[in-house]
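Me: Could you take a close look at one annotated part of this model for me? Start there, then carry on to whatever else catches your eye.

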Amino acid sequence: GEVCNTINKKYSEFLPSVQSAEDLLAQVAGLSSSIDLLKAGIENEVQCDLNVAVAEFTELKQQLERDTLVLSILRKLQEFDTAIKEYSAALLEKKYVAAAQQLEKARSSLRALESRKGFELKILKALGTELTVQTQNLLYHLGEEWQKLAVWKLPPSKESSSPESARRSELHLRTVPAKEEEVAGPPVASVLQAFAVLGELRAKLKTFGQLLLKYILKPLILYPSLQPVTEEQADAFVLRFKCEEPNLDHSTPMEVFDKIKLIFEVLHKYLLNVPLEPAAEEEKECRVSLAELLGGMIWEELSDCLIQNCLVNSIPTNSSKLEQYIEVIKSTEEFEKALKNMQFLKGDTTDLLKYARNVNSHFANKKCQDVIVAARNLMTSEIHNTVKITPDSCVALPRLPDPEAGDQLKTQKPSKRLHNDTMNLENEAKLSQHTFSLPACRISSSVEKLMELAYQTLLEATASTDQCCIQLFYSVRNIFQLFYDVVPTYHKENLQKLPQLAAIHHNNCMYIAHHLLTLGHQFRYRLTNILCDGAATFVDLVPGFRRLGMECFLAQMRVQKGEILERLSSARNFSNMDDEENYCAANKAIRQVLHQLKRLGKVWQDVLPVNVYCKAMGTLLNTALTEIVTRIAALEDISAEDADRLYSLCRTMVEEGPQVFTPLPEDDKNKKYQEEVPVYVQKWMTFKELMIILQANLQEIVDQWADGKGPLAAEFSAAEVKSLIRALFQNTERRAAALAKIK
């Protein structure tokens with residue numbers, strides 16, 4: 001019964017909630033249908049009205065934009081027109097700055113008009129043309145005024161630059177009229193200011209600057225005789241030149257600086273001392289003073305010219321004058337300071353001052369350059385002007401500074417004994433007196449001077465600053481490397497053609513090599529401190545120079561040998577001497593060879609050292625004798641008459657050959673060398689043995705051979721002797737017996 005009660009209770013609670021849910025459903029359905037009606041209403045009517053309103057609004061907005069644009073364009077056109085009118089009025093009154101400013105206003109209005117996209121007015125082109133015409137018109141007026149302000153009187157442009165043409169250059173600067181005479185013309189300021197406003201000032205100043213450089217500043221630097229003259233006239237200030245005899249080829253930097261300063265002072269006072277109002281467009285640009293503008297345009301070229309034509313010449317050529325150079329540096333500083341005060345220069349230390357302050361380095365460069373130029377001139381001068389060198393002659397060694405003489409040389413202090421040796425090499429523990437001496441010979445005087453230049457330069461190096469010392473040391477090394485490269489090439493043809501020059505060149509090279517052995521040694525204390533250990537030497541160059549001399553001389557020897565063989569080749573092999581024509585040819589060949597040797601003996605006399613001379617002449621005579629022996633030994637048949645004639649030809653060689661040895665100019669001293677000919681001529685004894693064979697009978701030949709122990713066997717082989725016997729003697733039993741003994 002209780003369960004039933006519970007169910008009834010739940011049921012009675014459930015029923016009303018079902019009921020209320022159904023009511024709600026009915027309400028939602030009603031609402032939904034009224035929403036659908038409303039939506040349909042909006043879509044059909046309100047939407048249409050809304051679209052119409054938006055379209056109208058957009059159209060109105062565009063209309064407004066068009067009107068605003070037209071209005072601003074009209075305003076700009078009006079501005080342009082006003083500016084041009086005001087410009088014309090200002091121009092009439094010669095108010096150039098105002099006129100220029102109005103033109104710039106017109107220009108900015110026009111720019112604004114041109115920047116409108118999609119709005120091309122035909123009128124703009126006409127306005128542009130009008131503006132250009134008016135600008136040119138103003139520039140023309142300004143140009144005219146400017147020409148009155150700065151008047152140039154110049155020599156004809158065809159004339160080359162010289163002190164005379166410079167004297168005809170003048171610059172007239174019109175002085176600014178006093179306040180009450182305003183009518184006399186606009187002041188400089190307004191003309192230049194107007195140029196500045198129009199942006200044409202730079203171009204005008206550039207032209208002026210170029211004229212200033214060409215006709216005033218550069219001539220003052222280049223020609224010491226020119227002096228600037230200034231003259232005040234009623235309405236102008238005149239700048240011209242007069243010529244005076246200069247004391248020196250080059251003015252001192254101080255004189256040049258003074259002249260240039262004067263020019264700048266005049267310009268500053270009468271032309272450029274104008275404050276520039278900043279123009280509308282380029283505020284920063286125009287705060288620059290006129291002087292600074294001009295300075296910026298010409299300073300670089302001016303300072304280059306001052307360095308090249310003034311400071312370079314003032315660099316001292318020897319270290320003793322370096323002290324005085326302080327003056328030049330001071331005056332360069334003052335010159336720059338003056339230009340800065342007048343505003344021609346801005347910024348710090350310019351190239352000009354850097355150059356002056358860097359004097360030590362320039363001194364070294366100039367010195368090195370001078371040394372190399374001097375050396376090159378010596379190398380390209382004639383070889384054949386000679387001086388005699390004897391074992392006692394040495395390059396006069398300059399006195400060297402005492403390494404203990406104060407600190408300026410910063411050397412270690414060697415012991416006293418060592419120091420004396422630096423002064424004089426000969427004091428060292430006595431080697432033979434001639435260990436380090438050259439044999440007597442002739443060398444080119446230019447090479448002697450070259451050696452003096454090397455010593456002089458090294459001496460200068462020892463007294464210089466470290467940097468300079470190093471540069472000078474290497475430039476001395478360069479001298480010798482230059483000689484090695486230049487001389488053989490430059491004198492090539494003569495060294496090949498002329499035996500005397502080849503001999504002198506050989507001596508020159510040996511002389512240089514000889515000095516290079518000890519050259520670094522004399523200066524070792526000073527140089528070794530600065531150059532890395534022991535680098536102060538020239539010994540490494542010695543073998544190259546010896547080789548250079550030898551090669552040149554040996555090449556000449558080959559030429560001479562060739563000529564000897566060439567002459568002997570016309571002797572018809574020395575065969576059939578009983579034929580008169582053949583004998584004449586052989587005789588002529590031998591005479592020519594002797595003549596050639598005699599001539600060589602003369603041109604080398606007193607030039608080559610005696611030992612070299614004797615070796616060279618001996619070698620050439622030997623070439624001739626060897627060739628004659630070879631030819632005669634090769635003959636297959638020698639008649640008795642042939643043998644006599646061959647003998648007389650050989651006798652000519654033996655009698656006259658030694659006479660070509662004339663190493664010394666004094667004849668009586670040459671006898672000794674002529675008697676020593678067998679020492680220098682390898683085949684001398686061979687030749688003498690050949691002559692004996694040509695005159696001997698069979699028995700005498702066998703005796704000379706003496707079983708291979710006689711003098712003949714020392715010079716000829718058994719085969720050669722047999723061949724000569726067969727050629728000289730008929731085929732008899734006696735000949736066969738003699739031949740059997742030669743083995």
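Reply: Sure, let's start with residues 89-116: the C-alpha atoms at the two ends of this span sit 30 Å apart, and the span is 82% helix and 0% strand. Keep in mind that this is a predicted model. The label for the span comes from UniProt, where an unreviewed entry gives residues 89-116 as a "coiled-coil region".

The helix α1 covers residues 2-92. Leu-38 is part of α1, and together with Ile-42 and Val-46 it makes a nonpolar surface patch of about 290 Å². Leu-38 counts as exposed because its relative accessible area is 59%, and the cut-off for that is over 50%.

Further along the chain there's a charged spot: Asp-578, Asp-579, Glu-636, Asp-637, Glu-641 and Asp-644 gather into a surface patch of negative charge. Of these, Asp-579 sits in the loop between α19 (542-568) and α20 (580-603). Its relative accessibility is 36%, so Asp-579 is classed as partly exposed.

That loop between α19 and α20 also holds Phe-574. If you like checking backbone torsions, Phe-574 isn't a glycine, yet its phi is positive, at about 60°. Phe-574 is buried because just 2% relative accessibility is left to it.

Asp-606 is another one for the torsion list: a non-glycine with a positive phi of about 70°. You'll find Asp-606 in the loop between α20 and α21 (610-633). With a relative accessible area of 17%, Asp-606 falls under the 20% cut-off and so counts as buried.

Methods. Residues are numbered from 1 along each chain as its sequence is written. This is a predicted model: local features need pLDDT of at least 70, side-chain atom pairs count only at pLDDT 80 or more; totals for chains, interfaces and linings use all residues. Side-chain values use heavy atoms; hydrogens and water are left out. Patches are made of residues with over 30% relative accessible area and no salt bridge: like charges are joined within 9 Å, nonpolar side chains (Val, Leu, Ile, Met, Phe, Trp, Tyr) within 5 Å. Accessible areas come from the Shrake-Rupley method with a 1.4 Å probe; for residues, only the protein chains shown count as cover. A salt bridge is a side-chain nitrogen of Lys or Arg within 4 Å of a carboxyl oxygen of Asp or Glu. Lys and Arg count as positive and Asp and Glu as negative; His and the chain ends are not counted. The place of a charge is taken as NZ of Lys, CZ of Arg, CG of Asp or CD of Glu. Helices (H or I, at least four residues) and strands (E, at least two) are DSSP runs, numbered from the N terminus. Buried means under 20% relative accessible area, exposed over 50%, partly exposed in between (1.4 Å probe, protein chains only). UniProt positions are given in the numbering used here, feature names are shortened, and annotations may be inferred rather than shown by experiment.
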